[in-house]
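Q: Please look closely at the metal site of this structure and describe, step by step, what surrounds it. A short look at the surface and at the charged pairs elsewhere would help to set it in context.

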Amino acid sequence: GKKEGRAATVAFESELMADERHKRFVERDLRAAILLNELELHYQPIFAVDGTTLISHEALVRWQHPVRGQVPPGDFIGIAEQSDLIDKLGDWVLRRACADLAALGTPHVGINVSVVQLRRGDFAERFADILLEAGISGSQIVIEITESLPLKSGTVELSNIEALRALGVRVAIDDFGSGFASLEYLRGFPFDIIKIDRSYVANLPDSLIDGLIVSSIAKIAQSLEVEVIAEGVETAEQLEFLRHAGVTALQGYLLARPEPLRSRFASAA
Ligand code: C2E
Ligand code: MG
Ligand code: MG
Ligand code: MG
């Protein structure tokens with residue numbers, strides 16, 4: 001009755017407050033983390049379909065919190081997106097990746113960019129400045145657009161993308177097939193690479209429908225003459241299926257996990 005309703009409301013409010021407190025705590029600590037260099041990039045290799053030719057790396061941010069330990073990006077990117085923190089974090093990621101590029105040994109590096117960053121009027125300008133400072137050409141960078149909102153034409157997001165492409169930056173649609181990154185995207189959105197979401201890879205080769213979806217995306221990509229990367233490849237059977245389906249590149253734990261740059265040097269020594 002009424003009492004229960006009130007109790008539920010109170011519980012809901014305190015949950016909201018806990019949420020709000022958590023958010024503020026993450027924001028404060030993340031702001032400090034950027035200044036104190038507690039962030040790090042791990043790099044996951046991307047291979048050609050032969051599964052052995054290394055073609056690129058994806059930069060994935062890691063936060064080593066002094067008390068909470070390693071905080072995964074899924075726990076703080078969303079909060080960073082609610083303030084200017086995402087811009088500071090994004091600039092840091094780009095600077096770091098540019099500085100690491102020579103040591104990575106691949107001609108390109110993939111950087112995740114949130115649509116919130118693309119909404120800032122000065123995004124492409126700051127991006128170009130960072131490249132210039134680092135002596136990196138736009139053609140060495142792929143931005144992976146991680147989708148959480150539909151991207152509309154005639155918007156600042158789109159003009160930023162166009163400005164970056166004019167610098168030679170290539171654009172990947174990340175997690176294609178999930179969320180808003182749907183077929184609608186293929187119309188009117190300027191992109192160079194499709195990354196098939198790992199949820200479509202996970203049940204290969206057993207799932208007939210997932211197999212058909214993956215093969216169809218690969219065919220569309222081929223017709224559009226864009227690259228198609230399969231994410232989350234974990235088994236040899238998946239790799240075999242993907243190779244026959246016509247994807248052009250592979251990424252996943254079967255081939256290599258994300259790792260800090262320094263561990264690469266350590267294992268090479
Ligand atoms: P994403 O861009 O789709 O990155 C791929 C995610 O899948 C990474 O998780 C990676 O560690 C994981 N992964 C790779 N291979 C496999 C596999 O074979 N199996 C499984 N189960 N997972 C695999 P991670 O590092 O936790 O990153 C999660 C998401 O956080 C990323 O998804 C991306 O959307 C976001 N993110 C990471 N770094 C950044 C960044 O610097 N900026 C922004 N804006 N977002 C970032
Ligand atoms: Mg990505
Ligand atoms: Mg992805
Ligand atoms: Mg993702």
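A: Leu 183 counts as exposed, because its relative accessibility is 57% and the cut-off for that class is over 50%; like everything that follows, this value comes from a predicted model. The residue sits in the loop between strand E6 (170–176) and strand E7 (193–196), and together with Ile 220 and Leu 224 it makes a nonpolar surface patch of about 270 Å².

Strand E6 also leads to the metal site, since Asp 174 lies in that strand. Asp 174 is buried, with a relative accessible area of 2%, and it coordinates both the magnesium ion (ligand 2) and the magnesium ion (ligand 3), which are 4.0 Å apart.

Taking the ions in turn, the magnesium ion (ligand 2) is coordinated at 2.0 to 2.2 Å by Glu 58 (OE), Asn 112 (OD1), Glu 144 (OE) and Asp 174 (OD). Along the chain, the donor residues of this ion follow the spacing E-x53-N-x31-E-x29-D. Two of these donors, Asn 112 in strand E4 (residues 109–114) and Glu 144 in strand E5 (residues 141–146), form a pair that links distant parts of the chain, 32 residues apart. The burial of these two donors can be set side by side: Asn 112 is partly exposed, with a relative accessible area of 23%, whereas Glu 144 counts as buried at 2% relative accessibility.

For the magnesium ion (ligand 3), the coordinating atoms are supplied by Asp 174 (OD), Asp 175 (OD) and Glu 231, the last of these listed twice through OE, at 2.0 to 2.6 Å. The donors of this ion are spaced D-D-x55-E in sequence. Glu 231 belongs to the loop between E8 and helix H9 (236–245) while Asp 174 lies in strand E6, so this pair ties together parts that are 57 residues apart in sequence. Glu 231 counts as buried, at 10% relative accessibility.

The metal donors also take part in charge pairing. Side chains of opposite charge can pair when their charged atoms come close. Here Glu 58, Glu 144, Lys 195 and Glu 231 are linked in a network of salt bridges; within that network, Glu 58 and Glu 144 are also donors to the magnesium ion (ligand 2), while Glu 231 is a donor to the magnesium ion (ligand 3).

Ligand 1 shares residues with the metal site as well. Of the 23 residues around ligand 1, those that come nearest are Arg 62, Asn 112, Asp 174, Glu 234 and Tyr 253, and of these, Asn 112 and Asp 174 are donors to the magnesium ion (ligand 2). Several polar contacts can be traced in detail: a polar side-chain atom of Asp 174 lies 2.8 Å from an oxygen atom of ligand 1, a polar backbone atom of Val 61 is 3.1 Å from a nitrogen atom of ligand 1, and an N or O atom in the side chain of Glu 234 is 2.5 Å from a nitrogen atom of ligand 1. Taken alone, ligand 1 exposes 810 Å², and the protein buries 85% of that area.

Away from the ligands, Ser 56 is found in strand E2 (residues 54–65) and is buried, at 10% relative accessibility; its side chain reaches the backbone oxygen of His 108 at 3.3 Å.

The wider set of charged pairs gives the context you asked for, with 16 salt bridges found across the whole structure. One of them joins Arg 170 and Glu 227, whose side chains meet at 3.3 Å, N to O. Arg 170 lies in strand E6 and Glu 227 in strand E8 (residues 227–230), so the pair ties together parts that are 57 residues apart in sequence. Arg 170 is partly exposed at 23% relative accessibility, and Glu 227 is partly exposed with a relative accessible area of 25%.

Another salt bridge is formed by Arg 126 and Asp 91, with their closest N and O atoms 2.7 Å apart. This pair links distant parts of the chain, Arg 126 being in helix H5 (residues 123–134) and Asp 91 in helix H3 (residues 85–104), 35 residues apart. Arg 126 is buried, with a relative accessible area of 18%, and Asp 91 counts as buried at 16%.

Glu 20 and Arg 24 also form a salt bridge, with the closest N and O atoms 4.0 Å apart. These two residues are 4 residues apart in helix H1 (residues 2–36), and therefore separated by about one helical turn; Glu 20 is partly exposed, at 33% relative accessibility.

Key
Residues numbered from 1 in each chain as written. Chains lettered and ligands numbered in written order. Predicted model: local features only at pLDDT ≥ 70, side-chain atom pairs only at ≥ 80, totals over all residues. Heavy atoms only, no water. Donors = N, O, S within 2.8 Å, 3.2 Å for Na, K, Ca; no water. Buried < 20%, exposed > 50% of the residue type's maximum accessible area, 1.4 Å probe, protein only. Patch = residues over 30% accessible without salt bridge, like charges linked within 9 Å, V, L, I, M, F, W, Y side chains within 5 Å. Areas by Shrake-Rupley, 256 points an atom, 1.4 Å probe, with all protein chains shown as cover. Near = heavy atom within 4 Å. Polar contact = N/O pair within 3.5 Å; in protein donor to acceptor, adjacent residues only side chain to side chain.
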